[in-house]
Amino acid sequence: MTQQLAFSKGHGTQNDFVLVADPDDQLALTPDDVRALTDRRAGIGGDGLIRVVPSSALPEGRAALADAPDAQWFMDYRNADGSIAEMCGNGVRVFVRFLEHLGLADLADGRALAIGTRAGVRRVRREGDQYAVEMGEWRLTGGTQALADGYDAQVRTTGLDGVRVALSVDMGNPHTVVALATDAELDGLDLTSIPEVAPVPPAGTNVEYVVPRAETHDGGGTTVGPVRMRVHERGVGETRSCGTGACAAALAVAAWAGAGAPSTWFVDVPGGRVRVRMLPDQRVELAGPAVLVAHGHVDLAELRAGLTSEPA
Ligand SMILES: N[C@@H](CCC[C@H](N)C(=O)O)C(=O)O
């Protein structure tokens, strides 16, 4: 029996997602379904899957509604391996672009739209063709003591000599940031295998590798601290961008730079550039593009069969 599922495909700086609308909370997608849909050969392909569901349908969504009664829609985010993640910075921009496409959101006149996520409410507004997200409160997982102690994690990575010290940043989801000295080190990383992090993070981590660059200015005269970044995402592998990771990277580099560090950062990833701005009260804003590239239907039954079929 066929089971047609409507989907869209979108990306933010080439961090790509399968998007499905489930306004009546009828779709019970299993981790296997997510793996099949995001599979790049047997499925549609994506770093993750995002389901649009009313916040009222999920306990985490109801918690978001208690904070912000206008957070009508909830971003149910899954990594490509089928695991659940608390938050996705590129994903939430693409989520809002998808809501606009579905006629469920109107961001005209600089209006900010509240979205429920497992990491809390995120507010998104449009800046022309870019989307700016108030990413909520961040914290150094090991506190400021981690800075004083020479950071709180150690990372071993294929393609990089020895063990490197790293700083853990909580963006609602976990991040471990490693500073590298040169572009050659960054380009030489082999991120096809999972970096070894010690102490082992209880819920896994996303690992960002950064090379800070000399300060520059944006068009408006603001001092900007550019950073190059590559990332190995928990539940995915290397991706071409990570929004929460870009925030973690900018926050770590700013913390290392100390007083006088710029409050605006451009983070250059293999898939493009995002902007990170420090806000008062330990909050941070992420801005970048959100693009929808395809709309279609997929036969879930065929997809499941295709992923599991063995050669005769
Ligand atoms: N690509 C995302 C982060 C997605 C979740 C991550 N893999 C995790 O497990 O925490 C982003 O843009 O933030």
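Pro 199 sits in the loop between β12 (196-198) and β13 (206-212). This is a predicted model. In it, a cis peptide bond links Ala 198 to Pro 199, with omega at about -5°. Most peptide bonds are trans, and most residues other than glycine have a negative phi.

**Positive phi values**

Two non-glycine residues with positive phi deserve a look. Asp 25 has a phi near 50°. Its place is the loop between β2 (15-21) and α1 (31-38). Asp 25 counts as partly exposed because its relative accessibility is 32%. Gln 282 also has a positive phi, about 60°. This residue belongs to the loop between β18 (272-279) and β19 (283-289). At 39% relative accessible area, Gln 282 is partly exposed. Glycines with positive phi follow two helices: Gly 103 comes just after α3, and Gly 258 follows α6.

| Residue | Phi | Place |
|---|---|---|
| Asp 25 | near 50° | loop between β2 and α1 |
| Gln 282 | about 60° | loop between β18 and β19 |
| Gly 103 | about 75° | just after α3 |
| Gly 258 | near 80° | following α6 |

**Two covered helices**

Helix α3 covers residues 89-102. From its first C-alpha to its last it reaches 20 Å, close to the 20 Å expected for 14 residues. Eleven of those 14 residues are buried, so α3 is largely enclosed by the rest of the structure. The buried set includes Arg 93 and Glu 100 as well as Val 92, Phe 95 and Leu 99.

Helix α6 covers residues 243-257. Its end C-alpha atoms are 21 Å apart, which agrees with the span expected for 15 residues. α6 is mostly covered, with twelve of its 15 residues buried. Among them are Gly 243, Thr 244, Cys 247, Leu 251 and Val 253.

**Nonpolar cores**

In soluble globular proteins, nonpolar side chains tend to be buried together. The largest nonpolar core here has 54 residues. Met 75, Phe 95, Ile 115, Met 171 and Val 276 have the most contacts inside it. Helix α6 gives the most to this core, with nine residues. A second, separate core has 13 residues, including Val 178, Val 197, Tyr 209 and Val 211.

Met 75 links several parts of the chain. Beyond four places in sequence, its contacts include Ile 50, Met 87, Val 92, Phe 95, Ile 115 and Arg 118.

**A buried arginine**

Arg 122 lies in strand β6 (residues 120-127). Arg 122 is buried, yet it has no salt bridge. Glu 134 has the nearest side chain of opposite charge, 6.6 Å away. The cut-off for a salt bridge is 4 Å. A polar atom of the Arg 122 side chain does lie 3.3 Å from the backbone oxygen of Ala 119. Leaving aside neighbours within four places in sequence, Arg 122 contacts residues including Met 87, Ile 115, Val 133, Glu 134 and Met 171.

**A buried serine**

Ser 168 is part of strand β10 (residues 163-170). It counts as buried because its relative accessibility is 11%. Arg 139 is 29 residues away along the chain, but the two C-alpha atoms are separated by 8.8 Å. Arg 139 is also one of the residues that Ser 168 touches. Others include Leu 140, Thr 141, Asp 152 and His 175.

Terms used
Residues numbered from 1 in each chain as written. Predicted model: local features only at pLDDT ≥ 70, side-chain atom pairs only at ≥ 80, totals over all residues. Heavy atoms only, no water. Helix = DSSP H or I, 4+ residues; strand = E, 2+ residues; numbered from the N terminus. Buried < 20%, exposed > 50% of the residue type's maximum accessible area, 1.4 Å probe, protein only. Lys, Arg positive; Asp, Glu negative; His and termini not counted. Polar contact = N/O pair within 3.5 Å; in protein donor to acceptor, adjacent residues only side chain to side chain. Contact = heavy atoms within 4.5 Å. Expected span 1.5 Å × (residues − 1). Core = buried A, V, L, I, M, F, W, Y, C linked by side-chain atoms within 4.5 Å.
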